[in-house]
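Let's take a friendly tour of the charged contacts in this structure, and then stop at a nonpolar spot on the surface. Have the model open as you read.

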Amino acid sequence: MLRDDLGLFGTKRCCAEGECGSCSVLLDGELVNSCLVLGAEADGGSLNTIEGLSMDGVTDLQAAFLTAGAVQCGVCIPGQVMAAEQLLRTNPDASREEIRDVMSGNLCRCASYQRIVEAIQVAAAGRRTDA
Ligand code: FES
Ligand code: FES
C-alpha cells in the first residue's frame with residue numbers, strides 16, 4: 001500500500017515476512033515492519049516513513065550514514081535509518097552493543113553493519129552536542 005497506492009517508494013519490500021527490516025516505518029511512534037501491518041490496522045494512526053523523516057532535507061542521521069560510507073547498494077538504508085532514528089529517540093546514549101542489538105533486526109546484504117553502527121554513534125554524539 002505504501003509503495004503501490006501512496007507512491008512512497010522509500011520503504012522497501014524485500015522479504016515480506018518480517019525478517020529483514022527493510023520495510024521499517026514508525027507507526028504511532030513504534031518501529032514496525034510495515035510488511036506485517038495491514039493498511040486497515042494503521043487506519044487513524046500516525047505513520048512516519050523515510051519520506052516524512054527527511055521532509056526538510058537530509059537529516060543528521062542520514063548525513064552520518066553517507067559520511068561513514070554505510071550506504072552501499074542502498075536497499076536496506078531507509079529501514080536502517082528508521083530503526084536508527086527510533087533508537088536515538090528512545091535511547092540517545094545507547095552503547096555500541098545496544099546499537100548492535102537493536103539494529104540486528106535490520107539486515108544488510110552489503111554487510112555495512114560496522115559502518116552503520118559508526119554512523120549511528122556519530123549522529124548520537126552530534127545530537128548530544130546540539131542539546
Ligand atoms: S520486507 Fe518487511 S521485514 Fe522484510
Ligand atoms: S547497503 Fe546494500 S543491503 Fe544494505
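Helix H4 spans residues 77-90 and holds both Arg89 and Glu85, which sit four residues apart, about one turn of the helix. This is a predicted model, so please read the distances below in that light. The two side chains form a salt bridge, with their closest N and O atoms 2.9 Å apart. How accessible are these two partners? Arg89 counts as partly exposed, at 47% relative accessibility, whereas Glu85 counts as buried, at 5%.

Glu85 has another partner to show you. Arg127 also forms a salt bridge with Glu85, and here the closest N and O atoms are 2.8 Å apart. This pair links distant parts of the chain, since Arg127 belongs to helix H6 (residues 113-130) and Glu85 to helix H4, 42 residues apart. Arg127 is partly exposed, with a relative accessible area of 26%.

Moving along, which residue does Arg128 meet in a salt bridge? The partner is Asp93, at 3.3 Å from N to O. Arg128 lies in helix H6, while Asp93 is in the loop between H4 and helix H5 (96-103), so this salt bridge ties together parts that are 35 residues apart in sequence. Arg128 is partly exposed, with a relative accessible area of 44%. Asp93 is exposed, because its relative accessible area of 56% is over the 50% cut-off.

Which residues do shared partners join into one network? They are Asp60, Glu85, Arg89 and Arg127. In total, the count comes to four salt bridges, and three of the pairs are set out here:

| Salt bridge | Closest N to O distance |
|---|---|
| Arg89 and Glu85 | 2.9 Å |
| Arg127 and Glu85 | 2.8 Å |
| Arg128 and Asp93 | 3.3 Å |

Now for the nonpolar stop on our tour. Val58, Leu66 and Val71 form a patch on the surface, and together they have about 270 Å² of accessible area. Where is Val58 placed? You will find Val58 in the loop between helix H2 (50-53) and helix H3 (60-68). Is Val58 buried or exposed? With a relative accessible area of 60%, Val58 is exposed.

To retrace the route, Glu85 is the buried residue that forms salt bridges with Arg89 and with Arg127. Arg128 in helix H6 reaches the loop residue Asp93, and the nonpolar patch includes the exposed Val58.

Terms used:
Residues are numbered from 1 along each chain as its sequence is written. Chains are lettered from A and ligands numbered from 1 in the order in which they are written. This is a predicted model: local features need pLDDT of at least 70, side-chain atom pairs count only at pLDDT 80 or more; totals for chains, interfaces and linings use all residues. Side-chain values use heavy atoms; hydrogens and water are left out. Patches are made of residues with over 30% relative accessible area and no salt bridge: like charges are joined within 9 Å, nonpolar side chains (Val, Leu, Ile, Met, Phe, Trp, Tyr) within 5 Å. Accessible areas come from the Shrake-Rupley method with a 1.4 Å probe; for residues, only the protein chains shown count as cover. Helices (H or I, at least four residues) and strands (E, at least two) are DSSP runs, numbered from the N terminus. Buried means under 20% relative accessible area, exposed over 50%, partly exposed in between (1.4 Å probe, protein chains only).
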